[in-house]
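Biologist: Could you take me through one part of this model closely, beginning with its main pocket and working outward to the packing around that part? A connected account would suit me better than a list.

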Amino acid sequence: MKDIKQISDEIYDKEKTKSYRDFIENYRKYETEIEETDYNSSQETYDIYSQLIADYAIALSNTKSYKKALPVIDKALDLLLNNKKFTPDTLRNVEFYEALLFNRATCNYYLDKFELAKPDFELLTKLYPDNSDYPKWINGFKTKKFYRLKNILWYILSASIVIECFFEKRTIGKDIFLGIGAISLVMIGIIELNLFIRKRKYSA
């Protein structure tokens, strides 16, 4: 049975692993051995094990296996947070930490779990203020919500107009549906203005 270092050397062999899909395939060949590793036996073993888990998580994320990636990302982050080599102050300087946070955020984003993605993007913005991409992601899922709301309002407006047409004379029902349509139209205008402002702000 190969030890974790030998397994790592094989998985990271440039001739065997040339893409994320190669990494996933090669990782899965040794998945049982990796999972059975006593990673607390030494710092070296802990680091090798952590790197394998982190790279596997990132590979899953980058091949759009978002649901599969999330629990592995959580495990990789937990390993980093419990690594004795790092403190909360030095952890931000660990490249894997930023990459894992970003990939967890994007996985949740693409799974439409915006409320789970938002805290990670906010943390990334706080920890890495020089990276201008993270605020754009936050704006992205806010914009997506606006588009969804706008589409709903268009349906309400269309339905109001259709229903209003069934009333031949001026009645309370006709006025109610006209009012609903008017409110929907105003709200659509406000959303369009908000989207325009956001586009100008984040594309500058």
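Modeller: In this predicted model, the lining of the largest pocket divides into nine nonpolar residues, three polar ones and two charged ones. These make up a lining of 14 residues, of which D47, S50, Q51, L80 and F96 lie nearest the centre of the pocket, and the space inside comes to about 170 Å³. Helix 4 (43-62) and helix 5 (66-81) each supply at least two residues of that lining, and helix 4 gives the most to it, with six residues.

Helix 4 also has a leading part in the packing of the protein. The largest nonpolar core has 44 residues, and those that touch the most other members are I11, Y27, I34, L52, I53, Y97 and L100. At least two residues of this core come from each of helix 1, helix 2, helix 4, helix 5, helix 6, helix 7 (114-127) and helix 8, while helix 4 gives the most to the core, with eleven residues. As background, nonpolar side chains in soluble globular proteins tend to be buried together.

Within the core, I11 can be followed residue by residue: leaving aside residues up to four places away in sequence, I11 touches T17, F23, N26, Y27, Y30, I34 and L52. Two of these contacts, F23 and Y27, also belong to one aromatic cluster, which they form with Y12 and Y56.

The structure holds ten aromatic pairs, and one of them joins Y12 and F23 in a tilted arrangement, with 5.6 Å from centre to centre and 55 degrees between the planes. Because Y12 lies in the loop between helix 1 (4-11) and helix 2 (20-29) whereas F23 lies in helix 2, the pair ties together parts that are eleven residues apart in sequence. The two partners are not alike in their surroundings, since Y12 is partly exposed, with a relative accessible area of 29%, and F23 counts as buried at 6% relative accessibility.

A second pair, F102 with Y134, is likewise tilted, because the ring centres lie 5.9 Å apart and the planes stand at 45 degrees. F102 belongs to helix 6 (residues 95-110) and Y134 to helix 8 (residues 133-165), so this pair ties together parts that are 32 residues apart in sequence. Here F102 counts as partly exposed at 26% relative accessibility, and Y134 counts as buried at 5%.

Helix 6 also contains A99, a partly exposed residue with a relative accessible area of 22%. The C-alpha atoms of A99 and D55 are separated by 9.7 Å, although the two residues are 44 residues apart along the chain.

Seen against the whole protein, these details belong to a secondary structure of nine helices and zero strands, which reads along the sequence as α-α-α-α-α-α-α-α-α. Of the 204 residues of the protein, 36% count as buried. Among contacts in the protein with a separation of 6 or more, residues 24 or more positions apart account for 61%.

Conventions. Residues are numbered from 1 along each chain as its sequence is written. This is a predicted model: local features need pLDDT of at least 70, side-chain atom pairs count only at pLDDT 80 or more; totals for chains, interfaces and linings use all residues. Side-chain values use heavy atoms; hydrogens and water are left out. Rings of Phe, Tyr and Trp (its six-membered ring) pair if their centres lie within 6.5 Å; planes under 30 degrees apart count as stacked, over 60 as edge-to-face and the rest as tilted. Helices (H or I, at least four residues) and strands (E, at least two) are DSSP runs, numbered from the N terminus. Buried means under 20% relative accessible area, exposed over 50%, partly exposed in between (1.4 Å probe, protein chains only). On a 1 Å grid over the protein atoms alone, a cavity is a set of points where a 1.4 Å probe fits but cannot get out, and a pocket is an open set with protein on both sides within 12 Å along at least five of seven lines; lining residues have an atom within 4 Å of a point. Grid points are joined across faces, edges and corners, and a volume is the space filled by probe spheres set on the points. Ala, Val, Leu, Ile, Met, Phe, Trp, Tyr, Cys and Pro count as nonpolar, Asp, Glu, Lys and Arg as charged, and the others, Gly among them, as polar. A nonpolar core is a set of buried Ala, Val, Leu, Ile, Met, Phe, Trp, Tyr and Cys residues joined through side-chain atoms within 4.5 Å. Contact means heavy atoms within 4.5 Å.
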